[in-house]
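Student: I would like to learn how to read a structural model feature by feature, beginning with a single residue and working outwards. Could you take me through one?

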Amino acid sequence: MDFRTRLYEKARAEQNRFIDTLMKKSPKDIIDAAYEKVMRDDILMIFENEDLSDNHVKALLKLKYPLAECYDKWLKADCSHVEMLKDTIEDFGEHLAAATVQKKKSVPER
């Protein structure tokens, strides 16, 4: 088994344990942990699908909980997915506004 597969399998087992623990909690605790679960899923997807360097994969494999540690690092990062969402919404709004203008131009006046 190669290093990437080992990292993914290790992280997937970690995520499965995290979800098993969540399932034993109250609905409120589960809702409170929803963001963490989603972000950990995304990190797991990156471990599976992205071309991480061999050195990075080997370093991550040395961690006891690579998924949790990457998530903790994400929380401390100086960036926000909210900015990316805002940009997406603004771009979409601009597209919708342009489509409305185009539609009005294509409707003949009476």
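**Reading contacts, burial and pockets**

Tutor: Let us begin with one residue and its partners: in this predicted model, setting aside neighbours within four places in sequence, Glu14 touches Arg40, Tyr65, Pro66, Leu67 and Ala68. Glu14 itself belongs to helix H1, which spans residues 3-23.

Student: Is Glu14 buried or exposed?

Tutor: The idea is to compare the relative accessible area with a cut-off, and buried means under 20%. Glu14 has a relative accessibility of 5%, and therefore counts as buried.

Student: Which residues are in contact with Gln15, leaving aside its neighbours within four places in sequence?

Tutor: Gln15 also lies in helix H1, and, with those neighbours left out, Gln15 is in contact with Lys37, Arg40, Asp41, Leu44 and Leu67. Because its relative accessible area is 2%, Gln15 is buried. For one of these partners the side chains can be described further, since a polar contact of 2.8 Å joins Gln15 and Asp41.

Student: How should I read a pocket, and what volume does the largest pocket have?

Tutor: Rolling a probe the size of a water molecule over the atoms shows where empty space is left. Here the largest pocket has a volume of about 170 Å³, and helix H3 (34-49) and helix H5 (66-76) are the elements that each give two or more residues to its lining. The most comes from H3, which supplies five residues.

Student: Which residues line the largest pocket, and how do they divide into nonpolar, polar and charged?

Tutor: The lining consists of Met39, Asp42, Ile43, Ile46, Phe47, Leu52, Leu60, Cys70 and Trp74. By class, eight residues of this lining are nonpolar, none is polar and one is charged.

Student: Stepping back to the whole protein, how many helices and strands are there?

Tutor: The protein has six helices and zero strands, so that, read from the N terminus, the order of elements is α-α-α-α-α-α.

Student: What is the radius of gyration of the protein, set against that of a compact globule?

Tutor: The approach is to set the value beside a reference for the chain length: the protein has a radius of gyration of 21 Å, whereas a compact globule of 110 residues would have one near 13 Å. Along the principal axes, the C-alpha atoms fill a box of roughly 70 × 40 × 25 Å, and buried residues make up 17% of the 110 residues. Finally, of the contacts between residues at least 6 apart in sequence, 69% join residues at least 24 apart.

Note on methods. Residues numbered from 1 in each chain as written. Predicted model: local features only at pLDDT ≥ 70, side-chain atom pairs only at ≥ 80, totals over all residues. Heavy atoms only, no water. Helix = DSSP H or I, 4+ residues; strand = E, 2+ residues; numbered from the N terminus. Buried < 20%, exposed > 50% of the residue type's maximum accessible area, 1.4 Å probe, protein only. Contact = heavy atoms within 4.5 Å. 1 Å grid on protein atoms, 1.4 Å probe; cavity = no way out; pocket = protein on both sides within 12 Å on 5 of 7 lines; lining within 4 Å. Points joined across faces, edges and corners; volume = space filled by probe spheres on them. Nonpolar A, V, L, I, M, F, W, Y, C, P; charged D, E, K, R; others polar. Polar contact = N/O pair within 3.5 Å; in protein donor to acceptor, adjacent residues only side chain to side chain. Rg over C-alpha atoms; globule rule 2.2 N^0.38 Å.
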